[in-house]
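Hi,

Here is the structure I promised to pass on. Have a look at it, and then read on for what turned up.

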Amino acid sequence: MKAHDGMYIDGAWRPAAGRDTIAVVNPADEQVIAEVPAGGAEDVDAAVRAARAALPAWAATAPAERAARIAALRDVLVARRDEIAETVTAELGAPLPFSQAVHAGVPILVAGSYAGLAASYAFEEKVGNSTVYAEPVGVVGAITPWNYPLHQIVAKVAPALAAGCTIVLKPAEDTPLTAQLFAEAVHEAGVPAGVFNLVTGLGPVAGQALAEHEGVDLVSFTGSTAVGRKIGATAGAAVKRVALELGGKSANVILPSADLAKAVGVGVANVMGNSGQTCSAWTRMLVHTSQYDEAVALAAEAAAKYGDRIGPLVNAKQHARVRGYIERGVAEGARLVAGGPEAPREQGYFVSPTVFADVTPEMTVAQEEIFGPVVSLIRYEDEDDALRIANGTVYGLAGAVWAGDEAEAVAFARRMDTGQVDINGGRFNPLAPFGGYKQSGVGRELGSHGLAEYLQTKSLQF
Ligand code: NAD
């Protein structure tokens, strides 16, 4: 894995305007593995100009040609799959098998889905005496987080390319090497110069400059609610489009008729995967009072089994933050049945898989996004109580419902204020729209709904 000391702008690696750098740290052993340039407003401006200049020609390309470029990009990601997995493991810390399957595997699926959609989407339709065209929004400023570093890039760049938009990407400071590798892949796929540009840098510097740039037509952001709010306000003031994928505190609702052991086992695994750094993780497990003690025992056992297979958290700040939340849980009266705030290893930002029992809905660990391997078991008395608890946070990103009968689970899921629900452990679908109700965000990613975010409509009357 090699680090570029420049920015990918207008089809080439160019030196940054300034000399500041960002040190990339391997969270498993705390060693610096690379330095990348910390770009500023000047770099962002050069990238946005390149994207603007490339826009008319790319927007005018036939959808089949855009589909061919995205398919080529997918093929490069396939060919470089091992390198992608190793890079994500080095800078995020995810265990290699998880990086192989998820961090490298899912972006391949998503890129493939947009190669198909670019070719098949109805960019033109007849409505009465009108023809309605779906046209690209323009230049996209994409700001992405570190937790699924390649997936979150591909979930923005692939639909933007399919729509005919051009892009400037500002990836998270913790995972810039994956973003540089992606820029190489875009280049290899033959995407024309200026259509995709990469500026590495700090959020409040390069990220903010991108969000504020008047040459950007749409800001697509994934990350914390605090920053999302700021970006939304900036975009609102400039009357530009914005898409926000923010935090979550999703509920895993286990109805009494469910297969309890399976629901608890899958539920714990859902939280522990990626060390709990998943915005859609089901971090609140809701169990009927009659099955509560059994569920607690099953969850503690499942977390203990996870043991050493868990990777570290991404950085020292998240390590301190997550351990602080665990201490807060104990202080507020939750009962630790697995894990705890102590660091299990001397080196690396590790936290043990942690299970809290006797959590009440208003506790901090049941309300705030922890972003670590911590699951809270909450008891409910009846279905209405479960629904009140499930809907009782400011978030609404995802969730799960388990029941003996699918129809029973669906009826409950339809009453949840959330954007995506897995029924009895439903499989990941890269074409299903993903995004939040309430403070979990604005807009949708993936599939045709994700593509529509990058389109605007024009109607001609005859
Ligand atoms: P963050 O919101 O600070 O960072 C996300 C992206 O925004 C990064 O690229 C960052 O550089 C950029 N950014 C930061 N400040 C900015 C600004 N003022 N203007 C423009 N861009 C800016 O998130 P974080 O600090 O990496 O993580 C903090 C918390 O956010 C986590 O603990 C977690 O709760 C949440 N989070 C959620 C997701 C998600 O997928 N929903 C992903 C990562 C983090």
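A salt bridge here means a side-chain nitrogen of Lys or Arg within 4 Å of a carboxyl oxygen of Asp or Glu. By that rule R388 and D385 make one, with 3.3 Å from N to O between their side chains. Keep in mind that this is a predicted model, so please read the distances below as values computed from it.

Staying with that pair for a moment: R388 and D385 both sit in helix 13 (residues 383-390), three residues apart, which is about one turn of the helix. Is each partner buried or exposed? R388 is exposed, at 57% relative accessible area, while D385 counts as buried because its relative accessibility is 15%, and the cut-off for buried is under 20%.

Now the ligand, which is probably what you want to see. Which residues come nearest to it? There are 29 residues around the ligand, and the nearest are W146, E173, S224, L246 and R321. Three side chains put a polar atom by a ligand oxygen: W146 at 2.5 Å, S224 at 2.6 Å and E369 at 2.7 Å. The ligand has 820 Å² of accessible area on its own, and the protein covers 91% of that.

As for what the shell is made of, the count by class is 12 nonpolar, 11 polar and six charged residues. Helix 7 (203-212), strand 10 (218-222), helix 8 (225-237) and helix 11 (316-331) each supply at least two residues of the shell. Helix 7 gives the most, with four.

Where does the ligand lie relative to the domains? Domain 1 (6-246 + 440-461) and domain 2 (251-429) both give residues to the shell, so the ligand lies between them.

Back to charges. Side chains of opposite charge can pair when their charged atoms come close. How many salt bridges does the structure hold? The count is 15, and two more of them are worth a look on screen.

- R80 and E188: their side chains meet at 2.8 Å, N to O. R80 is in the loop between helix 2 (63-79) and helix 3 (81-92), and E188 is in helix 6 (residues 176-188), so this pair ties together parts that are 108 residues apart in sequence. R80 is buried at 13% relative accessibility, whereas E188 is exposed at 52%.
- K170 and E173: their side chains meet at 3.4 Å, N to O. K170 is buried, with 2% relative accessibility, and E173 is partly exposed at 26%. You have met E173 already, as one of the residues that come nearest to the ligand.

One last residue to click on is K156, in helix 5 (residues 149-163). K156 is buried, with a relative accessible area of 1%. Its C-alpha atom is 9.6 Å from that of E453, although the two residues are 297 apart along the chain.

If you only have a few minutes, start with W146, S224 and E369, whose polar side-chain atoms lie 2.5 Å, 2.6 Å and 2.7 Å from ligand oxygens. Then go to R80 and E188 for the salt bridge that ties together parts 108 residues apart in sequence.

Cheers

Definitions and conventions. Residues numbered from 1 in each chain as written. Predicted model: local features only at pLDDT ≥ 70, side-chain atom pairs only at ≥ 80, totals over all residues. Heavy atoms only, no water. Near = heavy atom within 4 Å. Polar contact = N/O pair within 3.5 Å; in protein donor to acceptor, adjacent residues only side chain to side chain. Areas by Shrake-Rupley, 256 points an atom, 1.4 Å probe, with all protein chains shown as cover. Nonpolar A, V, L, I, M, F, W, Y, C, P; charged D, E, K, R; others polar. Domains from an automatic or database assignment. Buried < 20%, exposed > 50% of the residue type's maximum accessible area, 1.4 Å probe, protein only.
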